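Biologist: I'd like to learn how to read a protein model. Could you walk me through a few features?

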Amino acid sequence: MHVVVTIQHPGHVHFFRHPIAELQSRGHEVHVFARESDVAIALLEAYDIDHEVLAGESGSLLSLAAVQATYEMRLLARARRIDPDVITAIGGVAAAHVASILGTKSVVFYDTEHATLITNLAYPFADVICTPSCYRTEIGPAQQRYPGYHELAYLHPDRFEPDPTVLEDVGLEPDDQFALVRLSSWEASHDVGHGGFDDPREVIDRLEAAGCSVLLTVEGEPPADLASYQFTTSPDRMHDLLAVADVVVSEGATTAAEAAVLGTPAIYVNPATLGYTAELENEYGLLFGFNGQDRHARALDRLDSVLEEPADTWTRRRERLLEDRIDVTAFVVRQLETVAGPQASNRSASATNPSES
């Protein structure tokens, strides 16, 4: 089977890295194409995933269309030479369009209901659209639901074991209580008109008053008075930090969900409520979401009570989650093999790598 995987965000690298390795171990040929992104490319290199970068970054919503068009045109040219059995992606705008032109199959994975620009452009062209069972939108006959979350493709215990030595990288001791704070840039197309905390400085003051050291990660430039809280570690070690933190405070849904499935309580402050953030909160009590005008104050109040809970509270809740949810990597591999069909398994893995032609 010949598979094309497209990468346009750091989270896509995490999601696909184990399926890529599993597909290759089963004798399939996998070609990875990416759009320029400092962190995404760094992750592909850190995980030693062969890839080709097809387009640069988009600096604004205005430039996004031009960059996307360039990316799709180059992906089409590469895919024509490869003649893939299936093209896959998260979001999948380019993947679905190129597969439709070539008459091959596309499998799109997605979990973000409010990102309608992406879904409107991708879903009508996709052969299969895989969503978590908690996804709130009914798509139609192309939809395949599964009992899991994107984050369980790379943070399920069958795929990930935290390395606590990461604390040395950030100057902390094993017994130190600490919080990881994630602030968003609010520049994505689906973030327009949204915002998180009223005052990040107040969040850090509250955490320090509770006895927590604070590690800050920010999309873009941090506020000047918070720059000293930023930390540096390899991007492939971020999940080790999330796993050993006492609490994660995040304006981003992915970081909050990653913490939750690792058994670290997450405070999520964002006007956008998603199916998976709601389920992690209502079903498992591992994530606490806040929106509305008073979201900042309510989140800080909840933060105090979370820090007072014994650690085994979160361990027990995570164990229950893992009993209910699947290893998503196994699902991804099974979907790609099923959609490609049995004839694809008989193909030789000798097609020329486009980077060598």
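Modeller: We'll go through a helix, the cores, some salt bridges and a pair of backbone angles. Keep in mind that this is a predicted model.

Biologist: Let's start with helix 11. What span should its 14 residues have, and what is the distance between its end C-alpha atoms?

Modeller: The rule is 1.5 Å a residue, counted over one less than the number of residues. Helix 11 covers residues 295-308, so it should span 20 Å, and its end C-alpha atoms are indeed 20 Å apart.

Biologist: Which residues of helix 11 are buried?

Modeller: Buried means under 20% relative accessible area. In helix 11 that list reads Arg295, His296, Ala299, Leu300, Leu303, Val306 and Leu307. Look down the axis and these buried residues fall within an arc of 130°, so they line one face of the helix. The face turned away from them carries Asp301 and Glu308, which are exposed.

Biologist: What do the buried residues of helix 11 pack against?

Modeller: Their partners are two helices, helix 7 (200-209) and helix 12 (311-324), plus strand 10 (247-250), strand 11 (266-269) and strand 12 (287-290). You can see part of that from Leu207, which touches Leu303 and Leu307, and also Val247 and Val249, among others.

Biologist: Now the cores. Which residues touch the most other members of the largest nonpolar core?

Modeller: That core has 105 residues, and the ones touching the most other members are Phe16, Phe109, Tyr149, Leu207, Leu241, Ile267 and Leu280. Helix 13 (residues 328-340) gives the most to this core, with seven residues. There is also a second, separate core of 16 residues, which includes Val4, Phe33, Tyr71 and Ile82.

Biologist: On to charges. How many salt bridges does the structure hold?

Modeller: There are 16. To call one, look for a side-chain nitrogen of Lys or Arg within 4 Å of a carboxyl oxygen of Asp or Glu. Arg206 and Asp304 make a good example, with their closest N and O atoms 3.0 Å apart. Arg206 sits in helix 7 and Asp304 in helix 11, so to speak a link between distant parts of the chain, 98 residues apart. Both ends are partly exposed: Arg206 has a relative accessible area of 24%, and Asp304 has 27%.

Biologist: What about Arg182 and Glu219, how far apart are they in the chain?

Modeller: They are 37 residues apart, with Arg182 in strand 8 (residues 178-183) and Glu219 in the loop between strand 9 and helix 8 (238-244). Their side chains meet at 3.5 Å, N to O. Here Arg182 is buried at 19% relative accessible area, while Glu219 is partly exposed at 31%. Arg182 also touches Val218, a residue of strand 9 (residues 213-218). Salt bridges can form networks too: Asp163, Asp169, Arg237 and Asp240 are linked in one.

Biologist: Last topic, backbone angles. What sign of phi do most residues other than glycine have?

Modeller: Most have a negative phi. Asp48 goes the other way, with a positive phi near 55°. Asp48 lies in the loop between helix 2 (38-46) and strand 3 (52-55), and is exposed, with a relative accessible area of 67%. Asp83 also has a positive phi near 55°. Look for Asp83 in the loop between helix 3 (61-82) and strand 4 (86-90), where it counts as partly exposed at 48% relative accessibility.

How values were computed:
Residues numbered from 1 in each chain as written. Predicted model: local features only at pLDDT ≥ 70, side-chain atom pairs only at ≥ 80, totals over all residues. Heavy atoms only, no water. Helix = DSSP H or I, 4+ residues; strand = E, 2+ residues; numbered from the N terminus. Buried < 20%, exposed > 50% of the residue type's maximum accessible area, 1.4 Å probe, protein only. Arc of directions from axis to C-beta. Contact = heavy atoms within 4.5 Å. Core = buried A, V, L, I, M, F, W, Y, C linked by side-chain atoms within 4.5 Å. Lists of a residue's contacts leave out its neighbours within four places in sequence.
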